[in-house]
Amino acid sequence: MAAPATPQRSQELRLRITEIFRSVQGESTLAGLPTTFVRLTGCPLRCGYCDTAYAFQGGQWMSGADIEQTVERFGVRQVCVTGGEPLAQKGAPALLTQLCDAGYTVSLETSGALPIAGLDPRAIIVMDVKTPSSGESARNLEANRQALKAGDQVKFVVGETSDLHWCRDWLREAALPAGVEVLWSPVWETMPLPELADWVAGAGVPGRLQVQLHKIIWGQEPGR
């Protein structure tokens, strides 16, 4: 007699989510736009200036369908998938595709410590190149530089003056793909904004200054 068939395990997308909320995008070239944020739980990095350590643990499991339904209720067309480090969850690439298929403008905030090759090309990648003051610069994956595409963005979070010289050298090592934006962002507690602004305004420095609108408006309040 044949053995009974083993029930097929569900292949439905499931991710651990810290929070989903609607706010104003505070960073990137989409700054100022109403945006729904999907914050995934977990991160393998421990940057010294991290402002979302509450997303390292906890959260709740949600299906892809439940995530999409929650996003839909907020009623805006921009969606930012963030963390923690969203790519630490293996289902994150599928979530990007699902949200793109649903017609959203999707951005991904990632550390650059995990591979970005093969992600849905419709998603805008905002890659945080880790500076020395983060304590995690050794985790930057060099292969990610050439995996970027036009419309993607690299962000340098600058904690001290020495980071600026490191960033200059990083940019000189190899050209970024055409059409990749460069963003400069201060660590509020340690990097004077006028000094960073003077740097960005200097001759030959690519990119734009950003000041994290959400922190100006709401400070460090989670979910804003």
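1. Buried here means under 20% relative accessible area. By that cut-off, 48% of the 224 residues of the protein chain count as buried. Keep in mind throughout that this is a predicted model.

2. Overall dimensions first. The C-alpha atoms fill a box of roughly 75 × 35 × 30 Å along the principal axes. The radius of gyration is 19 Å, and a compact globule with 224 residues would have one near 17 Å, so the two agree. As for surface, the protein chain exposes about 11,000 Å², with carbon and sulfur atoms supplying 53% of it. On the contact side, take pairs of residues at least 6 apart in sequence: 69% of those contacts join residues at least 24 apart.

3. Now the fold. The protein chain has 6 helices and 9 strands. The 9 strands make one open sheet with mixed pairing, and the order to trace on screen is S3-S1-S2-S4-S5-S6-S7-S8-S9. Strand S3 (60–63) and S9 are the edge strands, each pairing on one side only. As a reminder, strands of a sheet pair through backbone hydrogen bonds, either parallel or antiparallel.

4. Have a look at strand S2 (residues 34–40). Because 6 of its 7 residues are buried, S2 is largely enclosed by the rest of the structure. One of its partners is strand S1 (residues 14–24), which pairs with S2 in the antiparallel sense over 7 bridges; there, valine 24 stands opposite proline 34. S2 also runs parallel to strand S4 (residues 78–82), with 4 bridges joining them. If you want a residue pair to check in that second pairing, phenylalanine 37 has cysteine 80 in S4 as its bridge partner.

5. Further along the sheet, strand S5 (residues 105–110) and strand S6 (residues 124–129) run parallel and are joined by 4 bridges. A handy marker for this pairing is leucine 108, whose bridge partner in S6 is isoleucine 125.

6. On to the packing. In soluble globular proteins, nonpolar side chains tend to be buried together. In this model the largest nonpolar core has 40 residues, and the members that touch the most other members are Val38, Ile67, Leu95, Phe156 and Trp184. Helix H2 (residues 92–101) gives the most to this core, with 5 residues. There is also a second, separate core of 8 residues, including Cys43, Cys47, Val157 and Val187.

7. Isoleucine 67 deserves a closer look. Leaving out residues up to four places away in sequence, isoleucine 67 touches Leu15, Ile17, Ile20, Val38, Met62 and Leu95. Val38 and Leu95 are also on the list of residues that touch the most other members of the largest core.

8. Isoleucine 67 also brings us to helix H1 (residues 64–74), where Gly64, Ile67, Thr70 and Val71 are buried. These four cover an arc of only 130 degrees around the axis, so they sit on the same side of H1. Glu72 and Arg73, on the other side of H1, are exposed. The cover over the buried residues of H1 includes S1, S2, S3, S4 and H2. Just after H1, glycine 75 takes a positive phi of about 75 degrees.

9. Helix H5 (residues 193–200) can be read in a similar way. Its buried residues include Leu196, Trp199 and Val200. The arc they cover around the axis is only 95 degrees, which puts them on the same side of H5. Pro194 and Asp198 are exposed on the other side of H5. What covers the buried residues of H5 includes strand S7 (153–158), helix H4 (161–173), strand S8 (181–186) and strand S9 (208–209).

10. One last residue: is lysine 215 buried or exposed? It has 18% relative accessibility, so lysine 215 counts as buried. This lysine belongs to helix H6 (residues 213–218). Setting aside residues up to four places away in sequence, lysine 215 touches Asp51, Trp188 and Gln220. The C-alpha atoms of lysine 215 and glycine 26 are separated by 7.8 Å, although the two residues are 189 residues apart along the chain.

How values were computed:
Residues are numbered from 1 along each chain as its sequence is written. This is a predicted model: local features need pLDDT of at least 70, side-chain atom pairs count only at pLDDT 80 or more; totals for chains, interfaces and linings use all residues. Side-chain values use heavy atoms; hydrogens and water are left out. Buried means under 20% relative accessible area, exposed over 50%, partly exposed in between (1.4 Å probe, protein chains only). Helices (H or I, at least four residues) and strands (E, at least two) are DSSP runs, numbered from the N terminus. The arc is that of the directions from the helix axis to the C-beta atoms. Contact means heavy atoms within 4.5 Å. Two strands pair if DSSP finds at least two bridges between them. A nonpolar core is a set of buried Ala, Val, Leu, Ile, Met, Phe, Trp, Tyr and Cys residues joined through side-chain atoms within 4.5 Å. The radius of gyration is taken over C-alpha atoms; the globule rule is 2.2 Å times the number of residues to the power 0.38. Accessible areas come from the Shrake-Rupley method with a 1.4 Å probe; for residues, only the protein chains shown count as cover.
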